[in-house]
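The following exercises are intended for a reader who is meeting this structure for the first time. Each task is followed by a solution that proceeds step by step.

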Amino acid sequence: MVNRIRRRTILKTAAAGAALGMFAPFKRAIAANDLVWMTWENLAKDEYLAAFLEKSDVSITKNFIGTDDEQFAKLRAGGASSVDLITPGLDKVEFYVASNLLQPIDFDKVPNAALLYDTFKNTDLGKKDGKTYGVPFYWGINPIVYRADLMDSEPDWSVFFEGDKYAGKLAMRDYALEGIMIAAMYLGIPRDRMFHMDDAELAEVKKALKAQKKLLRTYWNSIGDLTNLFATGEIVCAFSWVPPYYDLRARGLNMGMAKPKAGVIGWCDTIAVPASVEGEMRDVVFDFVNYLLGPEYGEKLAFGGPYAQSTSAIRDKLPEEQREKIFIQDLSIMDSFVWKENPPRYNDWVALWNEVKAS
Amino acid sequence: MERSYLGTWLALPVVGAVTALCIAPLAILLVYSFFQVNFVFILKDPTLENYARLAASDTYRNLITKAFVSGGLVAAITAVIGHPIAYHIAKRVTHYKSALLILLLVPLYTGDLVRIFAWRVLLGAEGVLNSFLIWAGVITEPIGALLFSSLATHIVLTYNFLPFMVLGLWLAYESLDDRLVEAASDLGAGRVSSFLRITFPLTLPGLIAGGMMVFVMVVGDYLTPQLVGGVSGITIVSAINDLFGTAFDWPLGSAIAWTMLAILCLFFTLAALVISRSTWGRALMGGE
Amino acid sequence: MTPAEQYAETEGGRSHRPLLTATGLHKNYGSVHAVRGVDFHLEANSYVTLLGPSGCGKTSILRMIGGFEDVSSGHLELNGDSLVNIPANQRPVNTVFQSYALFPHLSVEDNVAFGLAYKNLDRATINRKVASALTIMQMSEMAKRRPRQLSGGQEQRVALARAIVNEPKLLLLDEPLSALDRRMRKDMQIELKDLQRRLKMTFLHVTHDQEEAFALSDWLIVMNNGRIEQQGTPQEIYQCPATSYVADFIGGANRLPGRILESDNRLSTIETALGQFQASSVSGLTPDSGAVICWRPEQLHPARGGAIEVTVTHHVFRGAEWLIEAKAQDDTTLSFVVREDAVPEIGARIQLSFNPENAWIAADDSAEK
């Protein structure tokens, strides 16, 4: 008897669940104040958003992405109508714009955008016909991270291409865009040509990358995996993101972070609003965008990330040490970064990268 | 008459579901493989351009070859290891048979990533095996090639897919009549000869079933090579993935996917044909 | 003189040494004792049958000789050489398996040629030998077929061809006829016996069918419960069963239990529920030991004033004669044979008599089990 009741209860619950599932789209329509944000997990921590949620009666549903490409594929495949805010890379916004997936940012509703650093105000990326579709949101650099205890001196890009002192103890991200940018920087290809390389230059890049492959232990795919590779002693030096540097130092490893003079890759993610967002939700979304560019969020991100926001909203209130950490102490350094762009011959780049890996 | 109509109607949802779930995505892929891409726009003028690019590309041809060679190699290794295991479970064990079979399947429940990372712990530069060898004084420097190499990929693939081969062979061994092996030895065959002339051909259906499973799974696995294969970790599947995701070149990705599918089908059709034509095939499957 | 010695004597002069000798042969599977120490010889060029019910150990003996089971203790010698530790594939012995065990993936001729591959023969010789074996077994026309396309009888012939083509010194047959229908079995019996004579091999044939055993054997070994109950020529075993068990198993005999009053090795007197009888007896009986007196149905006949009084209960028509069943006063059923013109009516009370020389007193071994 007990069993039977249990079973019936379970069946009922299951049925109810299934029914709810079926009505999920309607539920969304009813709750006009639920904002769906497609973003990276580390940007939507509850404490980051608390200040915003306190002030408004909006709830936020987080929809985490694994890669930028995945985000684009989801939206292209018709997912745009179920999302209110997305987080594309600055270099990728043009894909979304070309696919008519976005609406322009309504700057009247985003006063904090006035505080954008000049680099981001002036960039052509994320814009089309004078309108901004993806507003820069937070940014950082991808440096070289290395085991200071196991390397004689601070490395630069050449460690990945020449000599064999660290052969078999290096790792490179498995990502065509950055891999080729680094090779171009190593080869001394000027920045204004970097994303417009001709066949001859690409051939040189390919040669360099093939030489690089012989020196690598592996290509890495996720930042957790890279951290693991350092921790288990598989590698001593890698083109990396910043987090492993802090993670591994916290674990007691003597890590170093190198920013080669030939150039450091700067990246910037934007927030962008899908074309279909309208009415009351549109106001809510822009209000939230304003929050993301504002001081409360900026402070949380500066300590939690640690990452820099794209506006100066909180900069002056941060301690110097923290400013140093997120590269906003000396703002002129931003101009030395090589900001990621989408090369017009991107497919050729991908093909080249695969060719190198398969060689 | 009525009943047959009823059957047709009842079968309709099933047919519909199979069509929707299996055939439709493949059909869409096939259609896409004749399109072109320009930036983010799919140009829907039918063309064979993608197949031409594929044929002209050493990279993709080599990757396809590599996938099939790997599949064949791992199938062969699992067959060599699987035969004694399957024999043992089917013919030597009586009490703990189901326990052994479950033991064989347990790793499959732990998930790909867990198993792959476990192997990293074993094979890494500071891993269990290298540490042991250094401790034992066999080597002074860790053997790097144990991990992040083609060797590591094939070790882990073998480990991952061995259970499928063993299951296939186990079923074949269960239905193998012991007296046939006795008869062979009665007639003068030693162990090796008896295996080659009797056991092997009679368990071949199991080998083929297991081998096909292993082969297909190896060809389709990109995670293992990526995580333990080091710089050799690129596969045709990860290249397809790159084309779909990173490069937004759905048409070329579709064309490669379909080429793989076509080669696989051709391969299996040939295998089926050879089996059905061979004398033992006809003897085992009946008819002539 | 033991029966085995007698047997050796009858075959004597042609072969001084037995082909196969088993001494104290024992087989146990854990605590289960399948064969409990048996001794026997097989003479060259003879047809020997191991007869017994299932589970009596006869198949274990065959498998030990074939090399498929280890010998737990005791000895096996073939032509004076120990077989212990010689693997099956190196024994000059071949087996015809119970369900034939033909290789399903090979054609008939490939099945037959299988063992010749291990004999360093050239292709032409192999082909000739295969053809000849198939001809002997009248299977030449089926050479290209596969086992699953053959009838049971044809499979049997192929199994025989596959074994004899190797010219083994000893051919082991494990219930070879059990899968055949009755008619086919009769034909095959004759053929097997004929084959053995022509090939001059020794056949060791395991069966539970006493009729088959009698039809085929030069020498018969009756087994029960892991032991040999009796061995001898079929006539000896038929006429002079050593034990009640043998008398019962080979079938057909009327048996009446009792106690020995006196015995002089050749002739004994037994006290039964139906009275005292004197008859030839197995040697070694002692007064007061348990025994049975056995009569074959054809050895009892109605006779006025006979020693046993019975009431007729059944008639069974058997062609030229009738088998009559009747009950004695203690409810023992006795059967006897009469001619067609002398069938007593059912319910008739008649007396039966017998010639003491034809009756036989065997040891009663039922107490042992």
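**Exercise 1. Decide whether Asp288(C) is buried or exposed, and describe its backbone.**

Solution. The model is a predicted one. Step one is to count neighbours: 11 other C-beta atoms lie within 10 Å of Asp288(C). Step two is to apply the cut-off, by which a residue with 12 or fewer such neighbours is exposed. Asp288(C) is therefore exposed. Step three is to place the residue: Asp288(C) belongs to the loop that runs between strand E13 (275–281) and strand E14 (290–295) of chain C. Step four concerns the backbone. Most residues other than glycine have a negative phi. Asp288(C), although not a glycine, has a positive phi of about 75°.

**Exercise 2. Carry out the analysis for Phe148(B): is this residue buried or exposed?**

Solution. The count for Phe148(B) is 29 C-beta neighbours inside 10 Å. The cut-off for a buried residue is 20 or more. Phe148(B) therefore counts as buried. In chain B, Phe148(B) sits in the loop between helix H6 (128–135) and H7. The phi of Phe148(B) is near 55°, which is a positive value in a residue other than glycine.

**Exercise 3. Test whether the span of helix H4 of chain C agrees with its number of residues, and determine which residues of the helix are buried.**

Solution. First, the span. Helix H4 of chain C covers residues 123–136, that is, 14 residues. At 1.5 Å a residue, H4(C) should span 20 Å, and the end C-alpha atoms are 20 Å apart, so the expectation and the model agree.

Second, burial. Val130(C), Ala133(C) and Leu134(C) are the buried residues of H4(C). They cover an arc of only 100° around the axis, and therefore lie on the same side of H4(C). The background is that an α-helix has 3.6 residues a turn, so residues three or four places apart point the same way.

Third, the surroundings. The buried residues of H4(C) pack against helix H3 (108–113) and helix H5 (152–164) of chain C. On the other side of H4(C), the exposed residues are Ala124(C), Thr125(C), Arg128(C) and Thr135(C). After H4(C) comes Gln138(C), with a positive phi near 55°.

**Exercise 4. Describe chains B and C by their secondary structure, extent and burial.**

Solution. Take chain B first. Its secondary structure comprises 13 helices and two strands. The C-alpha atoms of chain B fill a box of roughly 75 × 70 × 35 Å along the principal axes. Of the 288 residues in chain B, 36% are buried. Where contacts in chain B link residues at least 6 apart in sequence, 68% join residues at least 24 apart.

Then take chain C. It has nine helices and 20 strands. Its C-alpha trace spans about 75 × 45 × 45 Å along the principal axes. Chain C contains 369 residues, of which 44% are buried. For contacts in chain C between residues at least 6 apart in sequence, the share that joins residues at least 24 apart is 66%.

**Exercise 5. Establish which chains touch, and what each side of the contacts contains.**

Solution. Step one is to list the pairs. Two pairs of chains touch, and the most contacts are between chains A and B. No contact joins chain A and chain C, and their closest C-alpha atoms lie 44 Å apart.

Step two is the contact between chains A and B, where 25 residues of chain A meet 21 residues of chain B. Helix H3 (68–76), helix H4 (93–98), strand E9 (216–220) and helix H14 (346–358) of chain A each supply at least two residues of the side that touches chain B. H14(A) gives the largest share of that side, seven residues. By class, the side of chain A that touches chain B holds nine nonpolar, nine polar and seven charged residues.

Step three is the contact between chains C and B, which takes 18 residues from chain C and 19 residues from chain B. The side of chain C that touches chain B divides into eight nonpolar, seven polar and three charged residues.

**Exercise 6. Judge the confidence of the prediction for chain A.**

Solution. The pLDDT of chain A averages 87, and 91% of the residues score at least 70. Over residues 1–30 of chain A, however, the pLDDT is below 50. Beyond near neighbours in sequence, this stretch has one contact in the model.

Terms used:
Residues numbered from 1 in each chain as written. Chains lettered and ligands numbered in written order. Predicted model: local features only at pLDDT ≥ 70, side-chain atom pairs only at ≥ 80, totals over all residues. Helix = DSSP H or I, 4+ residues; strand = E, 2+ residues; numbered from the N terminus. Expected span 1.5 Å × (residues − 1). Arc of directions from axis to C-beta. Contact = placed C-beta atoms within 7 Å. Nonpolar A, V, L, I, M, F, W, Y, C, P; charged D, E, K, R; others polar. pLDDT = per-residue confidence, 0-100.
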